[in-house]
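Visitor: I am new to this structure and would like a close look at a single part of it, the empty space inside. Please take me through that space slowly, and tell me what lies around it.

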Amino acid sequence: MTQTQAPTPAVSPAWQALSAHRADIAATDLRTLFARDPQRFERFCLHAAGLTLDYSKNRITKHTLELLVALARERQLEHARNAMFAGARINSTEDRAVLHTALRNPAGSCIEVDGENVMPAVLAVRQRVGAFAEAVRESRWTGYSGEVVTDVVNIGIGGSDLGPAMACEALAAHGHPRLKLHFVSNVDGDQLARVLASVNPARTLFIIASKTFTTIETMTNAASARDWFLASGAGEKDIARHFVAVSTNAARVAEFGIAPDNMFGFWDWVGGRYSMWSAVGLPIALCVGRDGFEAMLDGAHEMDRHFSEAPLEVNMPVILALLGVWYRNFFDAGSLCIAPYAQALSRMPAYLQQLEMESNGKSVTRDGQPAASPTCPVVWGEPGTNGQHAFFQLLHQGTDLIPVDFIAPLKASHNLPGHHRLLLANCIAQSKALMIGKTADEVRAELAASGMNAEAAEALVPHRVFPGNRPSNTLLMPELAPRTLGALIALYEHKVFVQGVIWDVNSFDQWGVELGKQIATRIAGELAGAAPGDHDASTAGLIALARAATS
Ligand code: F6P
């Protein structure tokens with residue numbers, strides 16, 4: 001059977017079987033499933049690339065998993081996965097291969113696009129990125145006046161920002177002691193202005209990161225940074241010591257005034273949100289060094305191998321993806337909460353928002369038909385324990401079922417005594433509380449033990465009951481280090497890929513961001529004085545107010 005002959009999801013036999021099975025599961029709660037099976041943790045736990053996934057606190061049985069894996073097989077997941085790894089042009093609307101996995105391949109491998117092995121070019125850029133990062137870190141690369149670089153400002157947005165920003169924050173404990181990394185993405189000049197106010201031009205390196213080198217936010221920030229640099233007393237020739245570019249668009253980079261020697265390239269088969277493994281990862285290499293960056297690539301590669309080799313039943317990205325499909329499509333769960341129990345992973349929810357929502361936030365299938373079922377849920381989250389004092393109330397007692405991914409390193413990245421135990425205790429407690437809940441009888445007994453009279457207690461019971469039976473995954477890693485971070489991110493990349501295959505959407509285009517860009521360009525012209533266009537009353541009214549305020 002070829003890829004195109006896979007039955008449409010939602011009317012396929014596997015889908016129908018899952019629909020029927022959902023009614024059985026609805027009748028059983030997680031407490032009962034755990035009580036029935038003392039081996040449930042071992043049964044529903046996976047280890048891969050240094051990560052442990054405990055998925056036992058999900059509303060599944062062995063049979064659920066069999067049905068979900070049958071759905072994946074029916075959707076010809078293995079065929080699709082192999083096509084991606086082999087460099088097939090699976091991004092059909094842009095006619096491109098999807099080969100971020102090649103970026104973390106070791107030397108000696110061969111991946112062909114249009115009959116050409118891409119690995120020599122990949123390795124050459126990887127080598128240049130590593131060498132440049134080491135030169136800056138070891139103070140061999142200095143500013144125009146001979147001063148060492150102390151601050152690196154990455155100017156980019158979306159995939160040219162979120163991955164490196166998330167990783168540099170995550171790996172700060174492994175970072176270079178002299179180098180401070182800053183990330184500027186927003187066209188709101190407030191962000192750039194604050195960073196510029198805190199750095200010394202003679203000691204600052206700017207990385208202009210943009211796959212296209214046309215993104216208006218990045219180009220506006222880059223031009224302002226260059227103006228600021230020149231206004232500080234530096235000359236045009238000094239730009240070469242302070243501005244480097246990461247892009248696929250050599251012509252635009254040259255037009256901006258950055259010489260080819262200061263440009264690190266990548267390729268159209270690297271999607272923006274999948275690009276942190278390419279030269280877009282330069283800030284990461286500056287932060288953790290060449291070896292650290294390569295360790296991150298190695299961790300991701302280990303996850304790639306697991307994804308491409310492990311049977312679907314014990315394949316971590318496949319299981320994570322199928323559980324997401326189970327809740328999205330069979331329990332109508334419209335959102336997924338990401339709760340990293342690591343302050344260093346504070347940018348992880350934002351990173352995953354782009355990865356998941358820009359990839360699978362689609363409502364047409366690969367061949368342009370309306371999607372047969374709901375696709376990507378809203379992805380959101382905050383680090384624990386902060387979230388517990390903000391939105392966890394809703395997770396425990398709200399009206400919606402919201403699955404949670406808990407993510408935690410087992411070892412701390414600091415040496416303050418006591419904190420990490422408390423952090424882990426809270427992480428484990430939350431997944432247990434969501435799962436086990438608290439019955440009315442348990443509440444009654446608790447209130448009686450506290451000495452409350454029966455009448456007062458009874459009035460409180462409904463408020464203090466926790467329905468429980470709320471699912472979560474727990475992902476553990478030994479510590480937050482480059483290698484485990486690489487594996488973790490690759491895990492989610494492949495999860496997104498699997499879900500795209502199940503939902504039959506192209507996970508690698510992003511046409512949905514275009515309309516807003518087009519309209520903003522027109523309105524920007526009107527705010528700058530061009531004649532007002534033909535707008536609806538709301539848009540015209542808002543433009544008039546903005547024009548009055550900015551003219
Ligand atoms: O607008 C969305 C987007 O195209 C993302 O997919 C991408 O990561 C981001 O903009 C930045 O694009 P570029 O790297 O070309 O500046």
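Guide: In this predicted model, the largest cavity holds about 140 Å³ of space. The elements that give two or more residues to its lining are α13 (316-330), β10 (335-340) and α19 (482-503), and the largest share, five residues, comes from α13. The lining of this largest cavity is made up of 16 residues, and those that lie nearest its centre are Leu323, Gly324, Tyr327, Leu336 and Pro403. Sorted by kind, the lining residues of the largest cavity divide into seven nonpolar, five polar and four charged.

The structure holds two cavities of 30 Å³ or more, and the second largest has about 70 Å³ of space. Around this second largest cavity stand Leu103, Val122, Val125, Arg126, Val129, Trp267, Trp277, Ser278, Ala279 and Phe293. Helix α6, which covers residues 119-137, provides the largest share of that lining, with four residues. Eight residues of the lining of the second largest cavity are nonpolar, while one is polar and one is charged.

Beside the cavities there is also the largest pocket, in which about 1100 Å³ of space lies. Of the 40 residues that line this pocket, Thr212, Thr215, Val513, Glu514 and Lys517 are the closest to its centre. Two or more residues of the lining come from each of α9 (216-231), α14 (348-360) and α20 (514-527), and α20 gives the most, with five residues. The lining of the largest pocket divides into 14 nonpolar, 17 polar and nine charged residues.

The largest pocket is the space taken by the ligand. There are 14 residues around the ligand, and among these Ser160, Ser210, Thr212, Thr215 and Glu358 come nearest. The shell around the ligand is made up of two nonpolar, nine polar and three charged residues. Thr212 places a polar side-chain atom 2.6 Å from an oxygen atom of the ligand, and a polar side-chain atom of Thr215 lies 2.5 Å from an oxygen atom of the ligand. For Lys211, a backbone N or O atom lies 2.7 Å from an oxygen atom of the ligand. On its own, the ligand has 390 Å² of accessible area, and the protein covers 88% of that area. Thr212 and Thr215 thus appear twice in this account, as residues among the closest to the centre of the largest pocket and as residues among those that come nearest to the ligand.

Terms used. Residues numbered from 1 in each chain as written. Predicted model: local features only at pLDDT ≥ 70, side-chain atom pairs only at ≥ 80, totals over all residues. Heavy atoms only, no water. 1 Å grid on protein atoms, 1.4 Å probe; cavity = no way out; pocket = protein on both sides within 12 Å on 5 of 7 lines; lining within 4 Å. Points joined across faces, edges and corners; volume = space filled by probe spheres on them. Nonpolar A, V, L, I, M, F, W, Y, C, P; charged D, E, K, R; others polar. Near = heavy atom within 4 Å. Polar contact = N/O pair within 3.5 Å; in protein donor to acceptor, adjacent residues only side chain to side chain. Areas by Shrake-Rupley, 256 points an atom, 1.4 Å probe, with all protein chains shown as cover. Sits in = over half its atoms within 2 Å of the grid points.
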